[in-house]
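Please look over the sequence and the model shown below. A short report on the fold follows them.

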Amino acid sequence: MTRKKLILLPVAALFFSSVVFAADLPGKGVDVHPVQSTLPEESFQTELINRALEKLGYDVKPTEEVDYNVAYTAIAAGDATYMAVNWEPLQKDMYNAAGGDNKFYREGSYITGAAQGYLIDKKTADKYHITDISQLKDPKIAKLFDANGDGKADLAGCNPGWVCGQVIDAQIKAYGLSSTVQQNQGNYSAIIADTMTRYKSGKPVLYFTWTPYWVSDELKPGKDVVWLTVPFSVTPGSQKNEDTALPNGKNYGFKPNNEHVVANKEWAAKNPAAAKLFAIVKLPLADVNAQNQRMHEGESSAADIQRHVDGWIKAHQATFDGWIKQAKAAVR
C-alpha cells in the first residue's frame with residue numbers, strides 16, 4: 001500500500017463517521033422554539049414532542065406560553081417553531097388568518113376524536129328531565145343553575161380569546177337564551193374549580209368542557225353528569241351554517257376535533273427529520289385525560305410533567321423509538 005493511500009484512509013473514515021453522526025443527530029445545531037397556550041394541561045403533549053426532538057439532536061428551548069392567536073402569529077412569522085395543539089376545525093379561522101397552508105406545515109393528526117360541549121349534573125338532569133340546552137329558555141329551569149343570584153343560569157365558559165367562547169356566545173343568542181343564560185368567562189381553570197366546589201356541595205352545575213381534559217375523569221359523563229344536545233347547529237365565522245350533528249343524529253353543538261402539530265413551513269422544509277416527527281406522532285386521547293387528572297390531583301409542577309413524560313415513553317418505548325427511527329430515515 002502506498003503512502004498516499006495510507007493518508008487517505010483516515011480522511012475517508014472521518015468523512016464517513018461525520019455522515020453517520022449527522023444521520024444519528026439530524027437536528028444538531030438547530031434551535032427549536034416551542035409555544036403552547038396558557039393552559040397548563042397542554043404541557044404534556046408539548047413536552048413529549050420536545051423530548052423526541054431532543055432525541056433527534058435539536059436544541060429545544062423552554063416552551064413559551066402565549067394565547068392561541070399569538071402562537072399562530074409567532075409561528076407564521078418564524079418567531080416560534082411549532083405548537084402541538086392546533087384544534088381543527090375549531091381554530092380554523094385563527095389558522096387561516098395567520099397565513100394558513102402558505103405559512104404552516106401541518107401533516108398528520110396528533111390526537112383524534114376530541115369532544116366539546118355542555119354538561120349538567122345528572123341529578124338535576126334526571127329530576128327535571130333536561131336533555132337539551134334550549135330548555136334553559138325557561139326561567140325556572142335556568143334559575144336552578146344561578147350561582148350569583150341574578151336569576152340567570154351561570155354557564156362555566158371559556159377564556160376570553162378562545163374560539164369556544166365565541167361559539168358559546170353565538171349559540172346563546174341563536175337559541176334565545178340571552179335573557180336566561182350567562183357565559184362566565186375568565187381563567188377557565190379557576191372557573192371550573194368553582195364549578196367543582198358547587199357540584200361537591202350538591203348544587204346544580206352547568207359548564208362547557210372538552211376532551212382531553214381532567215374534568216371528564218373527575219365528573220364522568222353518564223354517571224355524574226350528562227351531555228346536553230342543542231336544537232340545531234350554530235357556528236360563527238367561516239364555519240357558519242356547518243352541520244355539527246353526529247352520524248347517530250345527536251347534536252352537541254361542536255364537531256369532534258382533531259389536534260395537530262403546526263410548525264413554521266419554511267423551518268419544516270429545512271428540517272425533514274422534525275417534519276416527519278410532527279407528521280407521525282400519535283397520542284391517545286385517554287392518555288392525555290389520565291395525565292391531566294394527575295395534574296388536577298396535585299402533580300402539576302414542571303418536574304411532575306417531565307416525570308409523566310418519562311413514564312409514558314417507558315410504557316410505549318417501542319412506539320417512541322419508532323418515531324425516532326422514522327424521523328431519522330427522512331434525512332437519508
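The text goes from the whole chain to its core, then to one strand with its neighbours, and ends with a disulfide.

## Basis

This is a predicted model, in which local features need pLDDT of at least 70, side-chain atom pairs count only at pLDDT 80 or more, and totals for chains, interfaces and linings use all residues. Residues are numbered from 1 along each chain as its sequence is written, and side-chain values use heavy atoms, with hydrogens and water left out.

## The protein as a whole

The protein has 14 helices and 13 strands. These elements are DSSP runs numbered from the N terminus, helices being H or I with at least four residues and strands being E with at least two. The C-alpha trace spans about 100 × 40 × 35 Å along its principal axes.

Of the 332 residues in the protein, 48% are buried. Buried means under 20% relative accessible area, exposed over 50%, and partly exposed in between, with a 1.4 Å probe and protein chains only. The accessible surface comes to about 15700 Å², and 54% of that surface belongs to carbon and sulfur atoms. These areas come from the Shrake-Rupley method with a 1.4 Å probe; for residues, only the protein chains shown count as cover.

Contact means heavy atoms within 4.5 Å. Among contacts between residues at least 6 apart in sequence, 75% join residues at least 24 apart.

## The core

The largest nonpolar core has 97 residues, and those with the most contacts inside it are I49, L53 and F278. Such a core is a set of buried Ala, Val, Leu, Ile, Met, Phe, Trp, Tyr and Cys residues joined through side-chain atoms within 4.5 Å. Not counting residues up to four places away in sequence, L53 touches V32, Y58, V60, Y82, A274, L277 and F278.

## Strand 13 and its partners

Strand 13 (257-264) is mostly covered, with 7 of its 8 residues buried. The table lists strands that pair with strand 13, where pairing requires that DSSP finds at least two bridges between two strands.

| Strand | Sense and bridges to strand 13 | One bridge pair |
|---|---|---|
| Strand 5 (82-88) | antiparallel, 5 bridges | Y82 and A263 |
| Strand 6 (104-105) | antiparallel, 2 bridges | Y105 and A263 |
| Strand 7 (111-114) | antiparallel, 2 bridges | I111 and E259 |

## Helix 3 and the loop after helix 4

Helix 3 covers residues 68-77. In helix 3, Y68, A71, Y72, A74, I75 and A76 are buried. The buried residues of this helix pack against strand 2 (34-36), strand 5, helix 4, strand 6 and strand 13. Just after helix 3, G78 takes a positive phi of about 85°.

A76 counts as buried because its relative accessibility is 10%. Leaving aside neighbours within four places in sequence, A76 is in contact with A98, K103, F104 and N264. A76 and V226 are 150 residues apart in sequence and 39 Å apart in space, C-alpha to C-alpha.

A98 is found in the loop between helix 4 (92-97) and strand 6. With a relative accessibility of 18%, A98 also counts as buried. Residues up to four places away in sequence aside, A98 touches Y72, T73, A76, K103 and F104. From A98 to T63 the separation is 35 residues in sequence and 20 Å in space, C-alpha to C-alpha.

## A β-α-β unit

Strand 9, helix 7 (residues 163-174) and strand 10 make a right-handed β-α-β unit. Right-handed means that, with the strands pointing away from the viewer, the path from the first strand over the helix to the second runs clockwise. Strand 9 and strand 10 (residues 181-184) run parallel and are joined by 4 bridges. In strand 10, Q182 stands opposite D154. A153 and L155 point one way from strand 9 (residues 153-156), D154 and A156 point the other way, and all are buried.

## The disulfide

How many disulfides does the count come to? The count comes to 1 disulfide, defined as a pair of cysteine sulfur atoms within 2.5 Å. A disulfide is a covalent bond between the sulfur atoms of two cysteines. Here C158 and C164 form the disulfide, with their sulfur atoms 2.2 Å apart. The torsion about the S-S bond of C158 and C164 is about -135°, so the disulfide is left-handed. Both C158 and C164 are buried.
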